[in-house]
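Please examine the sequence and the three-dimensional structure shown below. The paragraphs that follow lead through it, one region after another.

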Amino acid sequence: MGEIRLPSHMFLWCLSAVYMFAFASLYVQIPGLYGNEGVLPARWQLRVSGKSVVEQLKDSPTLLWFGPRLGLDTQQCMELLSLTGALLSLMTLALPVLRDCRVFLLLWILYLSLYQVGQVFLYFQWDNLLLETGFLAILIAPMKMPWSSKVRLHDNVTFWLVRWLLFRLMFASGVVKLTSRCPTWWGLTAVTYHYETQCIPTPLAWFAHQLPVWFQKLSVVGTFVIEIAVPFMFFSPIRRHRLVAFYMQVLLQVFIILSGNYNFFNILTITLCMSLLDDRHVNFWLRRSTPKTESTLLQTLFSWLAVMLEIGSYALLGYWSVKYFDLQVDWENKSVSSKTAFTYFEFNGFLKTVTVPSIWIGVLSLTWEIVSAMFKCACVRGVLWRLWNTIQWAVMTAATVSMFAISLVPHTYIEYDAHSNLWPGIRTAFEVTDRYQLVNSYGLFRRMTGVGGRPEVVIEGSMDRNTWTEIEFMYKPGNMSAAPPVVAPHQPRLDWQMWFAALGPHTQSPWFSSLLHRLLQGKRDVIRLIQTDESQYPFSKQPPAYLRAHRYKYWFSEPKEDGSYPQRWWRRVYVEEFYPMVHLGDSYLEQMLVQHGLKDKAPPRRSSTAWLPQLLRLVGQHAREIPTPLLLWTLFSSAATVCLLNSLRSRAHHHQRESLQNKHADKQPSGWTRSDVAEEDVKKLEEEDVKDDAEEDGKEQEEDATSEEEQEGEIEEEVNTEETDVDRLRKRKQF
């Protein structure tokens, strides 16, 4: 890898945005999900046991234990943590000086604290991925306050962990689709069901669903290639291999974003892809000129050899795709036929062949980065600076190797023999750190659900048991005429769990009984999870006396024969009863609540009248009046605008420096010597630097940092020579 200063800055900036999306999205849902009168009150997870704070933190590492010391209950403390995380990540997004390792440590602790009591609504793979990525950011981010070190020779070592995480995520996601033996993935027909059966599709998903079957099967082939074969290019010594892999991964994520609402997950995956870039390619995006060096004959030969290897690898990748998926072009029908041309046992043999070598590829790649960083430290001038950089390199290398070692445990879950042959000490270390979510196993879309139709639970309410009214959710399918929404990067966690609940009986989703209980009680916080605008909720004036739930199967509607679009987006068929009719005090409902431990044993503590709880209630009331997707994009746009203004200001300052440099050639006032002009320019530059330092408050201008350092170096050299000339002239006058 070349220099990665700009990609690492981009990684930290994007991760700040993801943190902001995650905290703010969760913040608006806390009262309904985890409040004292929510679906799954978080206070049930923090039972008072008389233990010390240290023992409580060992049992459950969360800052929520300190809530009572601030006069806050569990719900208010969760709101405080999520609001703090949202504001801190928003400031980190806008101000480069805050992209500090200690700030990212605090963000990670805040999200881990919420995760510990999140229960089923916070146990998604992207929550685990955010925690793992957030911990890596602690190792990658510099320590900027109160000083900033521009030279960090170990950056390539720690940043390599992001590339390894991306490899584990994509490779496992591709492998589990085939190891699950799901017939839709093996038959290459998964995408024909995916668009309409995913949790919350977008409007574009309806149009993608209408694409010809041969094209959708071909897209499954492309998915397997991108997720299983291409990740090995992440560690290629050929730079263009990594760039091609970057664009292929980003292309897949963009397609997923366009067709489905997967909250911040796809943005986070694109953030991980920054580890495949280098400064040279980012400068190419920014249209910055890079210094060209004359290549020797040996370098030319190596470059031609790399081109030949690159072309050969692409040809081999295409050959394997054609061979193992039996790709054939049908020129008459203008289509491409495809089918799986290997068996499950052959694929298992492939896994046994590549799992252990993938580990050794990681070892060799990491070793190269470690040795390269070590030689850079050895070349630093000055004994103290060399010692300081060597200590930093040793500490960060030890941390990187440790993270890589424990990540082998979840990485080898995909292959039994490789996992069983791991050193027991590594498994012990993984078990010790598992509660902190430092490393995790991944495997998205393991099996395709809804093959015979998308199952959907519809809740109905009534006042008299005769007239029933459907309760529509804001985001999940219900009303057949309502268009699919666009809600990313917000994740409506109740809507997501309703999708999972529809896949089985209600007994597999104990929280559903609690949801019906809260709706019968008319709890406003829970109602706002279903409809932010309570006027859209059919029982806003009076809670329903009876509730029941039915299971339907939904399908996307088909275009009309004349090619025009139908009036409805969905069509549905009734399947069965999902939950029997219940009312407050109903024996069956009470039995389910008691059986799953969802019955309140003690009333919640009265709300405090102190200033902090009052402030939290005031902020929550105003924030939850705004549609959450609009709120998230407004916050992001505000921070991005601040970044853009800082960048434009930095460019203006850079051009001003250049104009001062060119004064020597443009004009020289009469009676002034060259040294006088140089001294005057230096004074102006120093005055401007003092003003900028006071106004910027230590901000780091990322985009122009490299060019400014080069310009400053040239100015300093020129000033030094001019000052030397002035001193010589003065000495001659004295003698």
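Val 457 of strand β3 has Arg 551 of β5 as its bridge partner. Strands, like helices, are named here from DSSP runs numbered from the N terminus (E, at least two residues, for strands; H or I, at least four residues, for helices). The model is a predicted one, in which local features need pLDDT of at least 70 and side-chain atom pairs count only at pLDDT 80 or more, while totals for chains, interfaces and linings use all residues. Residues are numbered from 1 along each chain as its sequence is written, and side-chain values use heavy atoms, with hydrogens and water left out.

The pair Val 457 and Arg 551 belongs to a longer contact: β3 (residues 454-462) and β5 (residues 546-556) run antiparallel and are joined by nine bridges. Two strands count as paired if DSSP finds at least two bridges between them. Further partners in β5 include His 550, which stands against Val 458, and Arg 548, which stands against Glu 460.

How many residues of β3 are buried? Nine of the nine are, so this strand is largely enclosed by the rest of the structure. Buried means under 20% relative accessible area, exposed means over 50%, and partly exposed lies in between (1.4 Å probe, protein chains only). In a regular strand the side chains alternate between the two faces of the sheet. In β3 both faces are covered: Arg 454, Glu 456, Val 458, Glu 460 and Ser 462 are buried on one side, and Pro 455, Val 457, Ile 459 and Gly 461 are buried on the other. Strand β5 is mostly covered as well, with nine of its 11 residues buried.

The sheet continues beyond these two strands. It is an open sheet of four strands in the order β4-β3-β5-β6, with antiparallel pairing. The edge strands, β4 (469-471) and β6 (570-582), each pair on one side only. Averaged over the sheet and with direction ignored, neighbouring strands are turned by 35° against each other; the axes behind such angles are lines fitted to C-alpha atoms, for helices over the stretch in contact, and angles run from 0 to 180 degrees between N-to-C directions. On the β6 side, β5 and β6 pair in the antiparallel sense over nine bridges, and one of the pairs sets His 550 against Glu 577 in β6. On the β4 side, three bridges join β3 to β4, and Gly 461 stands opposite Thr 469. The hairpin of β3 and β4 has six residues between the strands, and Arg 465 takes a positive phi near 70° there.

Beyond β4, the loop that leads to α20 (493-501) contains Pro 489. A cis peptide bond, with omega about 10°, joins Ala 488 to this proline. Helix α20 is mostly covered, since eight of its nine residues are buried; among them are Trp 496 and Trp 499.

Positive phi values also occur in other loops. Gln 119, in the loop between α5 (101-116) and α6 (125-140), has a positive phi of about 55° although it is not a glycine. Gln 119 counts as buried because its relative accessibility is 12%. Asp 326, in the loop between α15 (297-324) and β1 (328-330), has a positive phi near 45°. Asp 326 counts as partly exposed because its relative accessible area is 23%.

Another loop, between α10 and α11 (213-229), holds Pro 212, which is partly exposed at 39% relative accessibility. Pro 212 and Ser 335 are 123 residues apart in sequence, yet their C-alpha atoms are 9.1 Å apart in space.

Helix α10 also contains Leu 204, which is partly exposed with a relative accessible area of 46%.

Finally, the UniProt record (an unreviewed entry) places the feature "transmembrane region" at several spans, including residues 80-98 and 157-176. Such positions follow the numbering used here, feature names are shortened, and annotations may be inferred rather than shown by experiment. In the model, residues 80-98 are 79% helix and 0% strand, with end C-alpha atoms 20 Å apart. Residues 157-176 are 100% helix and 0% strand, and their end C-alpha atoms lie 29 Å apart.
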